[in-house]
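Subject: Structure handover

Dear colleague,

I am passing a structure on to you, and you will find it directly below. My notes on it follow, with each term explained where it comes up.

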Protein chains: 2
Amino acid sequence: MKYEILDINSVKEFVFNINNVKEYLAVSSLAELTSSEIGDGNLNFVYIVSNKFDATKSLIVKQAVPYLRCVGEEFPLSRERMTYEIRALLKYQEICSEYIPKIYYSNEAMSIVVMQNLSEHIILRKGLIQHHYYYNFIEHITTFLAKSLFFTSSLSLDSKAKRDLIGQFNSNTELCKLTEDFVFTAPYMEDETNNINEECISEAKEFFNNNEEFKKNVLELKYLFMTSSDTLIHGDLHTGSIMINENETFVIDPEFAFFGPFGFDIGALIANIINSYISHSVILSDEEYKNWLLNSIEEFYTKFEEKFLNLWDNQKSSSLIKEGFIGSEMLDEYKKEFMKNIFISSIGFAGCKITRRVFGVAGVEEIRGLENKEQRKKAELQALELGQQLVLQYKNITNTEQLIKIIKSV
Amino acid sequence: MKYEILDINSVKEFVFNINNVKEYLAVSSLAELTSSEIGDGNLNFVYIVSNKFDATKSLIVKQAVPYLRCVGEEFPLSRERMTYEIRALLKYQEICSEYIPKIYYSNEAMSIVVMQNLSEHIILRKGLIQHHYYYNFIEHITTFLAKSLFFTSSLSLDSKAKRDLIGQFNSNTELCKLTEDFVFTAPYMEDETNNINEECISEAKEFFNNNEEFKKNVLELKYLFMTSSDTLIHGDLHTGSIMINENETFVIDPEFAFFGPFGFDIGALIANIINSYISHSVILSDEEYKNWLLNSIEEFYTKFEEKFLNLWDNQKSSSLIKEGFIGSEMLDEYKKEFMKNIFISSIGFAGCKITRRVFGVAGVEEIRGLENKEQRKKAELQALELGQQLVLQYKNITNTEQLIKIIKSV
């Protein structure tokens, strides 16, 4: 199939020609289909295609174009990103399908995927801003992470299967480079891409120029990101990449997926819950909600570790550890140290992820979007302080209690 | 070109059809060519093709077959290994051509490479057994290693170039698996592939069964080997992969090449010089030669580090460190810690490389080949002890003095 960019009309034709999709939508003629565009896709075109006479029958069609949709053709970005999104979604479908939208069709040549329309869910970031509680979120996301990180690692896959899978994602250079630049470099130095609140000019200057120890640690973490092929990571697992309601949790948008360090997705999530905590701290004093957020962080890592270790305990032999190689007592010791390293790097990555949102090109709505100038400044400076603390101390923070203590202290 | 296995006759025809090769050999008819087979290729067929009337004009033709040549067709091994050997040779030709044989022709489809005939050089392992001094060796091999490891790492390559290069080697699964199995697993446990000296049966049993701390550290090192995409490594850089004479040093046989940890090639070399030291310690008391070997180890790492850092100092900007990101004082501190990590892992890998030669399937000639039973046993037990010490202590050995002290103490 040759690549062509679909529009609001041709998307209907396209969908009508895919048998299982047509079947799902229960239409027998093109005229029974209706389509609309979702405006908030930054990178891609996103359409809803529905049965005109039964709105419950609808699907999402997402197509990448060879530029950044929200900016226009003058900002080229390879549409190959959809290739990696498709491959990650298909892999997740294999190992933790309950936490991604159902995939009905995908085509790398067309840079297109057709999937479940999550019409009863909202972006977690918005839900948190709106002060919602999600009591199943931690249970769901820890299962997603434990399974996706464990089953694509050398703790589970045989060497050939792992290398084959690495090969599928190795060329996701462009998006990895975005992370190298915008998570690990530009937001910590004078750079034209930065977006600095004019209320914080002097603090930014101070931060850029007097932060050598912090920068050294950032280099350590960036190097880990660039060279550790632990496992298939989502690569951009912030609260904007999660669709949620009280009962269900779906991870979306894995176009940054590649083989990277265990701690990166974990750190991204911790960072974004912390951002929400900071935001709520400056705008209201609902201690209950703030406590729920803090407890969520603690529960998040504890449950993740428990589930990950549980999967590991059930894996009798792997490319790393042949059955009978080592006694169970020492193996437990090895696992303990292994998990400690995952935790440590998660904290370091969380620190980067928090800090980069302060002066970097991409902020987070719950902080940069604060309309009250004083609140925004306060939240930004708290995030700056906390992010720095985590990066500076990451190798010494070895449990969630310590982490929570540091969060509270800022 | 379709793959076909050449023999001692067809190899002449093949060579005659390659223009630059024909030119180099200065022949104008097939009848002017003569060929012979080199018997000691374990994996591949290796021929010398020469000008019948001028023996100085000769080249090596090396072709992989889809099985282990020394065992026969019943031991299949993909001929793809030559693909990786060719790619590594061509990369080395770009960045450190003076330390590999000159390449005249290569063809991945035919799994064949035509290269300089190193007729005035011998395998370093044999040279060391024969008690030769090579006063230029350390100078040469440290330049080779500094350049090959630096220029294919994220300290030098941009992100896209590095990922492209990783892609060229990512599928070298079969040979990586050999290392995972025969350097990091089987030689440390009861395994049918092991080759245990009958004089050491009880020591082997003791070693296999009471060595949990050692095995935990082996797992750490194996995990590094399997997941650290630092740089393009040779992957099998022992003294049998080096051809040498007083003036020249050539690295050969990089079929194990892939993106792995910095310390692996360094550790392999240290291990093999140590094996030579152990061998000489049990058969003679030529203190001068033993001292030369020990000094070589010290000089080897010191010079490697100096050259590597020198290349790094000349690299103003890289995918890891953008110019201006960090001050020079803290950058030096970062480099110091970076080099310390390389050293530490080198020691760990050296420990594995020494230990695995004791009871594993592949021994080293200077120890396993000792005809005097007592000497062999003594050397094996010394290697066992020293290898274990290095693996057990690798994280605490931070300079060459400490290393030399441990070697001397065993």
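Helices (H or I, at least four residues) and strands (E, at least two) are taken as DSSP runs and numbered from the N terminus. This is a predicted model, in which local features need pLDDT of at least 70 and side-chain atom pairs count only at pLDDT 80 or more, while totals for chains, interfaces and linings use all residues. Residues are numbered from 1 along each chain as its sequence is written, chains are lettered from A and ligands numbered from 1 in the order in which they are written, and side-chain values use heavy atoms, with hydrogens and water left out.

I begin with the backbone. His131(A), in the loop between α4 (124–129) and α5 (137–151) of chain A, has a phi near 75°, a positive value in a residue other than glycine. Its relative accessibility of 30% makes His131(A) partly exposed, where buried means under 20% relative accessible area, exposed over 50% and partly exposed in between (1.4 Å probe, protein chains only). Asp253(A), which is not a glycine either, has a positive phi of about 55°; this residue is found in the loop between β11 (249–251) and β12 (258–260) of chain A, and is partly exposed at 25%.

As for the two copies, a turn of 180° with a shift of 0.0 Å along the axis lays chain A on chain B with an RMSD of 0.0 Å, superposed by least squares on the C-alpha atoms of residues with pLDDT of at least 70 in both. That is the relation of a two-fold axis. Of the residues of chain A, Ser228(A) comes closest to the rotation axis, its C-alpha being at 2.5 Å.

Turning to aromatic rings, those of Phe, Tyr and Trp (its six-membered ring) pair if their centres lie within 6.5 Å, and planes under 30 degrees apart count as stacked, over 60 as edge-to-face and the rest as tilted. The count by this rule is 69 aromatic pairs over all chains. Phe262(A) and Phe308(A) form an edge-to-face pair, because their ring centres are 5.6 Å apart and their planes stand at 85°. Since Phe262(A) lies in the loop between β12 and α10 (263–283) and Phe308(A) in helix α11 (residues 287–313) of chain A, the pair ties together parts that are 46 residues apart in sequence. Both Phe262(A) and Phe308(A) are buried.

With best regards
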